[in-house]
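Trainee: Please take one part of this model and go through it closely. I would like to know what surrounds it and how the rest of the chain is arranged.

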Amino acid sequence: MSRSASDPVPAGPPARFAVVANPENRRAALFADAVRAAGLPAPRIVPWEHVLRSSGAEFAPDEIVRLDSPGENTDVDRLLRDMPDPTRVEGSARWYRRFVRAVRGLRGGVRLDDPGELAVLFDKRLCHAALAAADVPVPWSPTSGPDAVPVSGWDDVRAAMREHRMPRLFVKLAHGSSASGVLAVESSGRGRIRATTSVELAADGSLFNSLKVRRYEREQDIAAVVDALAPDGLHLERWLPKASQAGRAADLRVVVVAGRATHAVVRTSASPLTNLHLGGRRGDLDAVRDAVEAAGGRWTDVLAVCERAAACFPRTLCVGVDLLPAVGWRRFAVGEVNAFGDLLPRLTGLPGSGAEGLDTYAAQVTAALRHARPGTASAPSTGQWCLGRHADEEHHAQHPPCAEHHRHHQHRTGTTHVSA
């Protein structure tokens, strides 16, 4: 079992944490609270703005270094995307290039992530290919893997829909998150088409993130949105019909820390987009467990899918896995793996996870102290994160959660890489 965050720190020199974050953001505050609750000094906060302006940062050899989201800061967003308005959707490819370059400019310390893995996590095409190569169930996609097709605009999307018999699909920005630039596209046999999205198309063709989910039913409008998004890179996925809860589409965000699924939340929505900031609501996790068991499944098997996805990124301590349950709660697929998918305030750990009573940040502090204390454990660049096994030993002996399956690589809201 994991230590409680309130337990005494093991004997030896006190561990020191540093976090690259936006200092004013609640993420930084929540992580600092978890570090102090473990009996340690508050972490040193290195602002993303400093990292971007200085092309990197230096860390002491004994500092345990965590990266947090650079989102929700106008100045940082401008440095990453060169967009005058943070609510604009465009510029995600530039964001990606500059973010990856900044991460590679961090030097020293004991890292809780890996620059190469972050580069994959923030490219949906690469991430999808890595998951598929590791036999993690994912929605079928024509834009990842060795036979990936380029998508330069709406005409290519339409061609893919015809060629691959995808009357319903998701069109996603390759480097987007928090549903920025996502369209759920549906076509009928009569040629009608519509798209559900949070993208607001302005009269001049500019695109804005909105807290209002809207539907476009004129193909020329859908084409205008997709054509404007395409220069930043697009990823296409077959739309899997989701299971429902209380008449609303449902999926799960599962946080995996050091190889184990520690936290989970159900997200439900009246639209195909379940993100909580777009009107999604937290659902009933106990009801999901009951539905899985009623369908003949095991909850541990569901969590194991998320652990297998996280195992594709063995040098990254924590990821948030978006798990898509098929109708009937018998099958599951991984929609995305998020590097900064741990913002679930006040949510405590799953029974049997080793993180009971801990929030997502306290669970990470506990795991880091166990595995990354300078002088007592290897950094993730030289080994894998793994907390151990669940109580279901037989299942995990057959499907080890920490096996390295694969080596590879209106209200408007700003583009962020932050939340469920």
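Mentor: Cys306 counts as buried, at 0% relative accessibility. The model is a predicted one, and every value here is computed from it. Cys306 is one of the buried residues of helix α10, which spans residues 299–310. Ten of the twelve residues in α10 are buried, so the helix is largely enclosed by the rest of the structure. Besides Cys306, the buried residues of α10 are Trp299, Val302, Leu303, Ala304, Val305, Glu307, Arg308, Ala309 and Ala310. The charged side chains Glu307 and Arg308 are thus on that list too. From its first C-alpha to its last, α10 reaches 17 Å, close to the 16 Å expected at 1.5 Å a residue.

One residue in contact with Cys306 is Leu323, in strand β14 (residues 318–325). Leu323 is buried, with a relative accessible area of 0%. Leaving aside neighbours within four places in sequence, Leu323 touches Val302, Val305 and Cys306, and also Asp251, Leu252, Phe332, Ala333 and Val334. Its C-alpha atom is separated by 5.1 Å from that of Leu252, and the two residues are 71 apart along the chain.

A second cysteine, Cys318, counts as buried at 7% relative accessibility. The structure holds zero disulfides.

The aromatic rings come next. There are nine aromatic pairs in the count. Phe99 and Phe122 make an edge-to-face pair, with 5.0 Å from centre to centre and 70° between the planes. Phe99 belongs to helix α4 (residues 92–104), while Phe122 sits in the loop between α5 (115–121) and α6 (124–133), and the two are 23 residues apart. Phe99 counts as buried at 1% relative accessibility, and Phe122 is buried with a relative accessible area of 8%. Phe122 also pairs with Phe340: the ring centres are 5.6 Å apart and the planes stand at 50°, so this pair is tilted. Phe340 lies in the loop between β15 (332–338) and α11 (360–371), so the pair ties together parts that are 218 residues apart in sequence. Phe340 is buried as well, with a relative accessible area of 7%. Ring pairs link Phe99, Phe122 and Phe340 with Trp48 and Trp95 into a cluster.

Now the sheet. Four strands form an open sheet in the order β2-β1-β3-β4, with parallel pairing. Its edge strands are β2 (44–47) and β4 (106–111), each of which pairs on one side only. From one strand to the next, the twist averages 50°. β1 and β3 run parallel and are joined by five bridges; in this pairing Ala18 stands opposite Val65 in β3. Strand β3 (residues 57–67) also pairs with β4 in the parallel sense over five bridges, where Val65 stands opposite Arg111. Helix α1 (residues 26–37) lies across β1 (16–21), β2 and β3, and runs at about 175° to β1.

One loop residue remains. Ser206 is placed in the loop between β7 (193–201) and β8 (207–216). Ser206 is buried, with a relative accessible area of 10%. Apart from neighbours within four places in sequence, Ser206 is in contact with Arg88, Glu90, Glu200 and Leu201.

How values were computed
Residues numbered from 1 in each chain as written. Predicted model: local features only at pLDDT ≥ 70, side-chain atom pairs only at ≥ 80, totals over all residues. Heavy atoms only, no water. Pairing = 2+ DSSP bridges. Axes fitted to C-alpha atoms, helices over the stretch in contact; angles between N-to-C directions. Contact = heavy atoms within 4.5 Å. Expected span 1.5 Å × (residues − 1). Buried < 20%, exposed > 50% of the residue type's maximum accessible area, 1.4 Å probe, protein only. Disulfide = S-S within 2.5 Å. Phe/Tyr/Trp six-rings, centres within 6.5 Å; stacked < 30°, edge-to-face > 60°.
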